[in-house]
Amino acid sequence: MLEAAAAIVAEKGPAALTMNAVAHATGIGVGTVYRRFGDVAQLLFALLDEREKRFQQAFMSGPPPLGPEAPPLQRLRAFLHALADRVAEQQEMMLAAEEAAPLARYDSGAYGTMHTHTAMLVARIRPDADAALLAHMLLAPFMPSLMHRVTRIEGRTLDGVKAATDELLLGLARPSTA
């Protein structure tokens, strides 16, 4: 089913992905597709999952600056830049998943892992900060809909997004005044 879904997305784009299209392409009943995935958003998330696993492996155990041997601020910068690249590369599919289920992202294991990772790095950089809240704030710019708005509608470059991210990180790196 995933191979058929990936072929549909590759050939016609994520907007063409429906449970009926997958059922038709695989020759199985649409009920089987619904039982396996629940809805189109979950099917899109399943397609995104393989690249997400590689991304997680890179930031959890890969080489510096993304991996664990780098200093926390350098590592957080590398992580957010890699996240910007990932969202840009898969923007259409991520945007379709977000549109199909706007809040599902926050309940996904992928977001939970990214949030935990970001919060851990923030806590190492600023032990006095609300790391969990700052992690949400640092991840928010990489929502597919906002990335779409910023890059495709406003015409900003990916390098510009990364430079703005660096500006946010400068504030985090500044010594606490509390």
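This passage looks at the aromatic pairs, a cis peptide bond and one helix of a predicted model.

Aromatic rings make a good starting point. A pair of aromatic rings is described by the distance of the centres and the angle of the planes. With ring centres required to lie within 6.5 Å, the model holds four aromatic pairs. In one of them, the ring centres of F59 and F79 are 4.9 Å apart and the planes meet at 80 degrees; because an angle over 60 degrees counts as edge-to-face, this pair is edge-to-face. F59 belongs to helix α4 (residues 40-61) and F79 to helix α5 (residues 72-89), so the contact between the rings ties together parts that are 20 residues apart in sequence. Both partners are shielded: F59 has 0% relative accessibility and therefore counts as buried, and F79, at 0% relative accessibility, counts as buried too. Ring pairs also bring in F55, which is linked with F59 and F79 into a cluster.

A further edge-to-face pair is formed by Y106 and Y111, with 5.0 Å from centre to centre and 80 degrees between the planes. Here the surroundings of the two partners can be told apart. Y106 has a relative accessible area of 39% and is therefore partly exposed, whereas Y111, with a relative accessible area of 4%, is buried.

The backbone offers a feature of its own. Most residues other than glycine have a negative phi, and most peptide bonds are trans. The bond from P64 to P65, however, is cis, with omega near 10 degrees. P65 sits in the loop between α4 and α5, the two helices that carry F59 and F79.

Helix α11 (residues 158-173) lends itself to a simple check of geometry. Its 16 residues, taken at 1.5 Å a residue, should span 22 Å, and the end C-alpha atoms are indeed 22 Å apart, so expectation and model agree. The buried residues of α11 are V161, K162, T165, L169 and L172. Viewed down the helix axis, the buried residues of α11 fall within an arc of 95 degrees, which means that they line one face of the helix. On the face turned away from this buried side, α11 carries the exposed residues D159, E167 and L170.

What, then, covers the buried residues of α11? The cover includes α5 as well as α8 (109-125), α9 (131-139) and α10 (144-153). Helix α5 thus appears in both parts of this account, since F79 of the edge-to-face pair lies in α5 and α5 is among the elements covering the buried residues of α11.

Notes. Residues are numbered from 1 along each chain as its sequence is written. This is a predicted model: local features need pLDDT of at least 70, side-chain atom pairs count only at pLDDT 80 or more; totals for chains, interfaces and linings use all residues. Side-chain values use heavy atoms; hydrogens and water are left out. Rings of Phe, Tyr and Trp (its six-membered ring) pair if their centres lie within 6.5 Å; planes under 30 degrees apart count as stacked, over 60 as edge-to-face and the rest as tilted. Helices (H or I, at least four residues) and strands (E, at least two) are DSSP runs, numbered from the N terminus. Buried means under 20% relative accessible area, exposed over 50%, partly exposed in between (1.4 Å probe, protein chains only). The expected span of a helix is 1.5 Å times one less than its number of residues. The arc is that of the directions from the helix axis to the C-beta atoms. Contact means heavy atoms within 4.5 Å.
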